[in-house]
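Me: I've just opened this one and I'd like to understand the labels people put on it. Can I ask you about them one by one?

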Amino acid sequence: GQAALVWTALGGIDGATFSGKTVESFATRFIASPPSIQNKYVFACEERTRPRLRDCGETLAGVVLDRGFETDARTHGASVAWDPSKPGSLQYQRSTGSEGAVEIAVVQRRVEVPSEKGWGGSE
């Protein structure tokens, strides 16, 4: 169905992984945000947790997921084009498995600012 198609477009290779018969494992990394992305924030925390958190109240810089690196790791050597200053677009050409080029475009992005309760977002 649609979920399997999207999973494959995002770099999934083996159908057994999508069906739950195996576990997908791949490397990922975070990189400094490009200057065009506002990434400074004050790490907020409650008074009761302040002694345990060394960065409480400090101004910190956020990072972004290196989508090119992750896609390369998931697809096992695809030719990947991704620019951190334009994070909403990624293209790749698989070197093995499925044929054809894939282009992924983010059309909506929501980010939750990091806090002691965690962080997240959706695309």
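Me: Let's start with Ser79. Where does Ser79 sit?

Reply: Ser79 is placed in strand β5. Keep in mind that this is a predicted model.

Me: And what makes Ser79 count as exposed?

Reply: The cut-off for exposed is over 50% relative accessible area. Ser79 comes out at 52%, so Ser79 counts as exposed. As for its surroundings, Ser79 and Gly68 are 9.3 Å apart from C-alpha to C-alpha, with a sequence separation of 11 residues.

Me: How sure is the predictor about strand β5?

Reply: Strand β5 (residues 79–82) has the highest confidence in the protein chain, a mean of 90. The lowest is in helix α2 (residues 15–18), with a mean of 64. Across the protein chain the average pLDDT is 76, and 78% of the residues score at least 70.

Me: How do you know that β5 and β6 pair?

Reply: Pairing takes at least two bridges between two strands. β5 and β6 are joined by four bridges, so they pair, and they run antiparallel. One of the partnerships is Ala81 with Gln91 in β6. The two strands also form a hairpin, with six residues between them.

Me: What about β6 and β7?

Reply: Here there are five bridges, again in the antiparallel sense, so β6 (residues 89–93) and β7 pass the test of at least two. Tyr92 has Val102 in β7 as its bridge partner, and Gln93 stands opposite Ala101 in β7.

Me: Why are β5 and β7 called edge strands?

Reply: The three strands form an open sheet in the order β5-β6-β7, with antiparallel pairing. β5 and β7 (101–105) each pair on one side only, and that puts them at the edges. Neighbouring strands of this sheet are turned by 10 degrees against each other on average, direction ignored.

Me: Which side chains of β6 are buried?

Reply: Leu90 and Tyr92 are buried and point to one face. Ser89, Gln91 and Gln93 point to the other face and are not buried, so the side chains alternate along β6. In the protein chain of 123 residues, 24% count as buried.

Me: What makes the contact between Asp66 and Arg29 a salt bridge?

Reply: The limit is 4 Å between a side-chain nitrogen of Lys or Arg and a carboxyl oxygen of Asp or Glu. Asp66 and Arg29 meet at 2.8 Å, N to O, so their contact qualifies. Asp66 lies in the loop between β4 (63–65) and α3 (67–75), and Arg29 in the loop between α2 and β1 (30–32), so the pair ties together parts that are 37 residues apart in sequence. The structure holds one salt bridge.

Me: Is Asp66 buried or exposed?

Reply: Asp66 has a relative accessible area of 8%, and buried means under 20%, so Asp66 is buried. Arg29 has 40%, which falls between 20% and 50%, so Arg29 is partly exposed.

Me: Last one: why is Trp119 called exposed?

Reply: Its relative accessible area is 60%, which is over 50%, so Trp119 is exposed. Trp119 is in strand β9 (residues 118–122). Together with Phe30 and Val63, Trp119 makes a nonpolar surface patch of about 370 Å².

Key
Residues numbered from 1 in each chain as written. Predicted model: local features only at pLDDT ≥ 70, side-chain atom pairs only at ≥ 80, totals over all residues. Heavy atoms only, no water. Patch = residues over 30% accessible without salt bridge, like charges linked within 9 Å, V, L, I, M, F, W, Y side chains within 5 Å. Areas by Shrake-Rupley, 256 points an atom, 1.4 Å probe, with all protein chains shown as cover. Buried < 20%, exposed > 50% of the residue type's maximum accessible area, 1.4 Å probe, protein only. pLDDT = per-residue confidence, 0-100. Axes fitted to C-alpha atoms, helices over the stretch in contact; angles between N-to-C directions.
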